[in-house]
Protein chains: 4
Amino acid sequence: MGTEGDAGNSASEGDTGSGTATDAAGDTHEAIMGATYRALCEHGYADLTMQDIADEFDKSRSLLHYHYDTKEDLLLAFVDQMVGWIGDRLAETETDEPLPRLAEYVDRFVIEPDESDRQTFAVAIAELRVQAVHHPQFREKLQAHYERNVETVADILADGIEAGVFRDVDPERVGEAIYTAMVGARTYQVTLGAADATRRMRDAIAEFVIRELLVADRDVPEYVG
Amino acid sequence: MGTEGDAGNSASEGDTGSGTATDAAGDTHEAIMGATYRALCEHGYADLTMQDIADEFDKSRSLLHYHYDTKEDLLLAFVDQMVGWIGDRLAETETDEPLPRLAEYVDRFVIEPDESDRQTFAVAIAELRVQAVHHPQFREKLQAHYERNVETVADILADGIEAGVFRDVDPERVGEAIYTAMVGARTYQVTLGAADATRRMRDAIAEFVIRELLVADRDVPEYVG
Amino acid sequence: MGTEGDAGNSASEGDTGSGTATDAAGDTHEAIMGATYRALCEHGYADLTMQDIADEFDKSRSLLHYHYDTKEDLLLAFVDQMVGWIGDRLAETETDEPLPRLAEYVDRFVIEPDESDRQTFAVAIAELRVQAVHHPQFREKLQAHYERNVETVADILADGIEAGVFRDVDPERVGEAIYTAMVGARTYQVTLGAADATRRMRDAIAEFVIRELLVADRDVPEYVG
Amino acid sequence: MGTEGDAGNSASEGDTGSGTATDAAGDTHEAIMGATYRALCEHGYADLTMQDIADEFDKSRSLLHYHYDTKEDLLLAFVDQMVGWIGDRLAETETDEPLPRLAEYVDRFVIEPDESDRQTFAVAIAELRVQAVHHPQFREKLQAHYERNVETVADILADGIEAGVFRDVDPERVGEAIYTAMVGARTYQVTLGAADATRRMRDAIAEFVIRELLVADRDVPEYVG
DNA sequence: AATGAATGAGAGTTCATTCAT
DNA sequence: CATGAATGAACTCTCATTCAT
């Protein structure tokens, strides 16, 4: 999957280490987050009820309130979870070279038609982002997420500039443009069903941005269309 | 205002003819659409109730149901209205020259911090777009809207290519990239409060895309950063 | 049709004489009664709305209120209409001889499976009768209707007794029994779909009651099973 | 009470065992059925609201929806309850001899003026029966109830025929006639306030039907007027 | 006579939340 | 930890009725 995770039903993966009380609590938490994710995907934020979440959980509605006082608390924790799922993947990289890293970053946004999990995940993110307008607490968490993403690209760009691979542009500005453009294309693709919109944006960025970023005397490598 | 209208409380502008029966009906319709717009902006789609709309209306709640059988019907009509408000402005242009027209198109997305109406309008659009995932009827209407936007840029590009102003790129592809990138930046700006994100994206497009589009032997005009 | 009319869409039959203002008013009244009848049959009393009636009428809902202040007023008038429709037929008879008249009276209750109009009419009567419990004004009107029916049989019986055809029973008592038994069977048939229940009751009355009523030295005529 | 129960506020009678969980659930169910019965009697089916039922209940309106998804579900369960209340009493008898049993069966329909509970119950049954026309699910349940009643009389008659007490008539046909005639009289009495109509019908049946049924050489016993 | 627009009361239903167990 | 029962507020929608035209 791309930059912004696939998680969801893979919620309970990971540290299913021992059977301690701490783990049990953690498992319940993860199970609720997973249930929330699935319920959100199925019903949409506007129609999401505690019952919908409980239905995806194998436990009762009351138990949700035992763990989270209110629906809002639960959703706040869920935003953290979402952001966390993504963030964990953000730093992953297979190379240290700036150009491949930049290409890799952009590539991660491309959603193929058969990747329904990632599509679903992107929808969930889009849902939450819109709620940020009316929920300051959502906003703060998602702002941090956006900034972290921008920073990730900016770091790649800064590295490339320092290494003499990229022109001397403002890494923050260009990073933001790349990130928000990819998110724009992704939102278009997943909300309105514009097949391959992410792929086309990736290509456009490769052609118009990345190619331009390269210092003149270098060869244009394969990563750039 | 930019490409995607300011409408809402300006609902009754236009044919302020006389007090005929036709106007009365039309006025009520427009009043409801305006009330819906204001209620949507204030409460957000997820929390929007018929009461909220009635509160922005100077008539009773039941009257909403008299004119629209269900909440869904009303919102469907509202999507049409939104799309219509925008579409009416889309074709407007002050010049026929491709480059200024392209610059003008992109400029229209820039939202200044003091333009709260346009910010609010952009939020409303973003809200509706997310609902498209779960509401096929919303999706269809918004798909048409998106395609109309892309087509508008594509036409400008095609004209420019034919006039020898732009390089021979695929107008559709590039047009889509420009549109979805601007929308992505706008969504970032209005949902997460990223001040000037639209301005920065406009600049990035001018620098990376428009400049690249120009045929080599032309001077780079003022429109481009 | 039997004792209790078929009316309904035949509402406007009768005095469609001239085009005077009085007739116009009468026509509207009859049209509303007819519409009410059809709406009642289609929706049932419990679900009957003014809109349902207006839908069967070719006029607006408001017009109903122009002619009848309230729904209750309209329904009260409708009960009168129903009772009237039936009453008009009650006195009709083809013969003066007590036995055939009694047989004729009972026969009129028999509803054949293909007589959907009469079935529908009987349902309407049953609906109204139940409302009598909670609506004193309905009750009064229907009590009079019942008594008139009982009286009709009682008269036949009294005539027969006087003529020496029937035994000296209490005409009122036996008349009531015959009438309420036939109505019971009819209600069974039309509400629970008990095919031919009216026919079977008619036969049972012929066998057990009418045969018994005949004075001993007479031959049992064909009317009696 | 007669054949068709008195129930209602006597809902919780019977197993007032302990405070087990089972009882609690059962009690609530019974309490709702009882409240529904009382509300139905007071307001009539056509005007019966969930609020009316809740008012007769000592719990909240929402609890009704907790136990029954919809008003229709609740009423469907209520029809079952009504039919059940009656059915439980149907088989009860104090004797094995056909003639007394038949007399006993018919006697049970007689409602004295002071038996307001039974009168009320009969009204409720009549209300539900009319709804059967428009509600197939009501119809099925009530059809079974009617058939069970007819069968009960038919069984008595068949026993009597086999025992040589009654003439060789068709038990089903005569049973149906007796049952529907009694119900017809009862409906007359309780909806239109025809005092003693059930008693008069009982007498008429004794005189015209039961007396006729007896084989010729027997003495007419006291049971038959 | 006839209508469309408008309203207020109240209908059935949903839902987040609480509480006793 | 876990639940079923219970609640009150609020929601969408309906309907008889009124009123201006």
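Through which surface do the copies, chain A and chain B, meet? Through the same one, since 98% of the interface residues of chain A are also interface residues in chain B; contact here means heavy atoms within 4.5 Å.

Before you click around: this is a predicted model, where local features need pLDDT of at least 70, side-chain atom pairs count only at pLDDT 80 or more, and totals for chains, interfaces and linings use all residues. Residues are numbered from 1 along each chain as its sequence is written, chains are lettered from A and ligands numbered from 1 in the order in which they are written, and side-chain values use heavy atoms, with hydrogens and water left out.

**Stop 1: the chain pairs**

Two copies of a chain are related by a rotation about an axis and a shift along it. Select chains A and B: a turn of 180° and a shift of 0.0 Å along the axis lays chain A on chain B with an RMSD of 0.1 Å. The two copies are thus related as by a two-fold rotation axis. (Superposition is by least squares on the C-alpha atoms of residues with pLDDT of at least 70 in both copies.)

Now switch to chains C and D. Chain C goes onto chain D with an RMSD of 0.1 Å, by a turn of 180° and a shift of 0.0 Å along the axis. Here 100% of the contact residues of chain C recur in chain D, so the same surface serves both copies.

**Stop 2: DNA strand E**

Show everything around DNA strand E and you get 30 residues, the closest being A:K71, B:S60, C:S62, C:Y66 and D:K71; a residue is near a strand if one of its heavy atoms lies within 4 Å of it. They divide into eight nonpolar, 14 polar and eight charged. The classes go like this: Ala, Val, Leu, Ile, Met, Phe, Trp, Tyr, Cys and Pro are nonpolar, Asp, Glu, Lys and Arg are charged, and the others, Gly among them, are polar.

Zoom in on chain B for some polar contacts (pairs of N or O atoms within 3.5 Å; within protein, one must be able to donate a hydrogen and the other to accept it, and residues adjacent in sequence count only if both atoms are side-chain atoms). A polar side-chain atom of B:K59 sits 3.1 Å from a phosphate oxygen of the strand, and a backbone N or O atom of B:S60 is 2.7 Å from a phosphate oxygen. For a base, pick B:S62: a polar side-chain atom lies 2.8 Å from a base nitrogen of DNA strand E.

Which element gives the largest share of the surface near DNA strand E? That's α3(B), with five residues. (Helices are DSSP runs of H or I, at least four residues, and strands are runs of E, at least two, numbered from the N terminus.)

**Stop 3: DNA strand F**

Move to DNA strand F, surrounded by 31 residues, with A:S62, B:K71, C:K71, D:S60 and D:Y66 the closest. Look for A:Y66, where a side-chain N or O atom is 2.8 Å from a phosphate oxygen of the strand. At B:K71, a polar backbone atom is 2.7 Å from a phosphate oxygen. On the base side, D:R61 has a side-chain N or O atom 3.4 Å from a base nitrogen.

**Stop 4: two helices in chain B**

Finish by selecting residues 71-90 (α4) and 136-162 (α7) of chain B, whose axes come within 10 Å and cross at roughly 5°. Axes are lines fitted to C-alpha atoms, for helices over the stretch in contact, and angles run from 0 to 180 degrees between N-to-C directions. α4(B) and α7(B) are therefore roughly parallel to each other (under 35 degrees; over 145 is roughly antiparallel, 65 to 115 roughly perpendicular and the rest oblique). Their contact includes B:L75, B:V79 and B:V83 of α4(B) and B:F138, B:L142 and B:H145 of α7(B).
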